[in-house]
Amino acid sequence: QHLKKYFPIYGGILKRQTGEVKAVDDVTFSVYKGETLGLVGESGCGKSTTGRVLLQLIEQTDGEILFENTSITSISKKEMKQRRKEMQLIFQDPYASLNPRHTVEKILEEPLIVHGVQNKAQRKKMVQDMLTVVGLDSYHAKRYPHQFSGGQRQRIGIARALMTHPKLIIADEPVSALDVSIQAQVLNLLKDLQKSFDLTYIFIAHDLGVVRHISDRVGVMYLGRLVELAPSTTLYEEPLHPYTQSLLASVPIPDPTIPAQDENILSGEMPSPSNPPQGCAFHTRCPSCMDICTSSRPTYQEVKPDHYVACHLYNEREAHA
Ligand code: SF4
Ligand code: MG
């Protein structure tokens, strides 16, 4: 709720703080148990930072995070350590996130050790079982990360995230680094695991194409702000925010049911997050920009049941209704 994460910028020879990047700037949303919430936006929009703040891997500047009605932003470090095993992250680049000097067994054992599974034999058994669950073989336990393909490494990353039987998984572009042919396999694995382990997913991606078929709801971020959030079908069929409309128009394989809207194809560069435009941060690229958009930040509000938008087009409509 009202989550903010600002990073200081230091400059000059004195290395004084000269500004800040509002990586996440007042973001509020809920994730329901058992669902997949897609979180989409161009690079630099704050989606990964949001994920890391949610897991408390980095501390928020402001705002509150509730996990099963407990405020995890106000509990102690010790309590958070307990909670941490219920929330895990899957990384974009499985290779960078796996220690090259450790065997798969050691990599998968580590979260168990951190969370107090003392018995070595028991840990070994748990690792073996988890390898099978993610579609690898038990003999893989003795191998090192470089001996695997990209897809297999992501399976190891997924196995590691599952070792502590988390409830919530934040998957940060888990298939972006993989070949298209492998992407579908990993997405299917994630879907199957969701069912068998009763998982809730926040699935971060940079385009709307990837999350379409796995998300129950999708949120779209732009320059640190959530601009639209809706159930998937609604978002893809009736996007309300001009930015979402542009993103959909630039999805590589357009949905034939959505008429091509050439004028909506995203133009211009994304402004720097350290110096975002006043008012609506999207106004410099928005084909529907109005006077008010350059000075006043639109409120993020529910404009239809379960459909949230931050755009003056709909604020006005509300006011005139
Ligand atoms: Fe475009 Fe204005 Fe809506 Fe921003 S608030 S998306 S500039 S119409
Ligand atoms: Mg990222």
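The exercises below work through a sheet, three loop residues and a ligand shell in a predicted model.

Residues are numbered from 1 along each chain as its sequence is written, and chains are lettered from A and ligands numbered from 1 in the order in which they are written. Because the model is predicted, local features need pLDDT of at least 70 and side-chain atom pairs count only at pLDDT 80 or more, while totals for chains, interfaces and linings use all residues.

**Exercise 1. Lay out the open sheet of eight strands and find its edges.**

Step 1. Strands (E, at least two residues) and helices (H or I, at least four) are DSSP runs, numbered from the N terminus. Two strands pair if DSSP finds at least two bridges between them.

Step 2. The order is β6-β7-β8-β3-β9-β10-β12-β11, with mixed pairing.

Step 3. β6 (87–90) and β11 (300–304) each have a single partner strand, so one side of each lacks a neighbour in the sheet.

Step 4. On average, neighbouring strands are turned by 20 degrees against each other, direction ignored. The axes behind such angles are lines fitted to C-alpha atoms, for helices over the stretch in contact, and angles run from 0 to 180 degrees between N-to-C directions.

**Exercise 2. Describe the surroundings of β8.**

Step 1. A residue is buried if 20 or more other C-beta atoms lie within 10 Å of its own, exposed if 12 or fewer, and partly exposed in between, with C-beta atoms placed from the backbone. Five of the six residues of β8 are buried, so the strand is largely enclosed by the rest of the structure.

Step 2. β7 (residues 168–172) runs parallel to β8 (residues 200–205) and is joined to it by five bridges; L168 has T200 as its bridge partner in β8.

Step 3. β3 (residues 36–40) is also parallel to β8, again over five bridges, and L39 is partnered there by I204.

Step 4. From β7 the chain passes through α7 to β8 in a right-handed β-α-β crossover. Right-handed means that, with the strands pointing away from the viewer, the path from the first strand over the helix to the second runs clockwise.

**Exercise 3. Show how β9 is covered and paired.**

Step 1. Six of the six residues of β9 are buried. R217, G219 and M221 lie on one side, and V218, V220 and Y222 on the other.

Step 2. With β3 the pairing is parallel over four bridges, and R217 is the bridge partner of L37. With β10 the pairing is antiparallel over six bridges, and V220 stands opposite E228.

Step 3. Two residues separate the strands in the hairpin of β9 and β10, where L223 has a positive phi near 45 degrees.

Step 4. Helix α10 (residues 242–249) lies across β9 (217–222) and β10 (225–231), at about 105 degrees to β9. Contact here requires C-beta atoms, placed from the backbone, within 7 Å.

**Exercise 4. Are K15, D198 and S250 exposed or partly exposed?**

Step 1. K15, in the loop between β1 (3–11) and β2 (16–27), has 8 other C-beta atoms within 10 Å and is exposed. Its phi is near 50 degrees.

Step 2. D198, between α7 (180–197) and β8, is exposed with 11 such atoms. Its phi is positive, about 60 degrees.

Step 3. S250, in the loop between α10 and β11, is partly exposed, with 14 C-beta neighbours inside 10 Å.

**Exercise 5. Which residues are closest to ligand 1?**

Step 1. A residue is near a molecule if its C-beta atom, placed from the backbone, lies within 6 Å of it.

Step 2. Of 14 surrounding residues, the closest are C280, H283, C286, C293 and C311.

Definitions and conventions: Contact = placed C-beta atoms within 7 Å.
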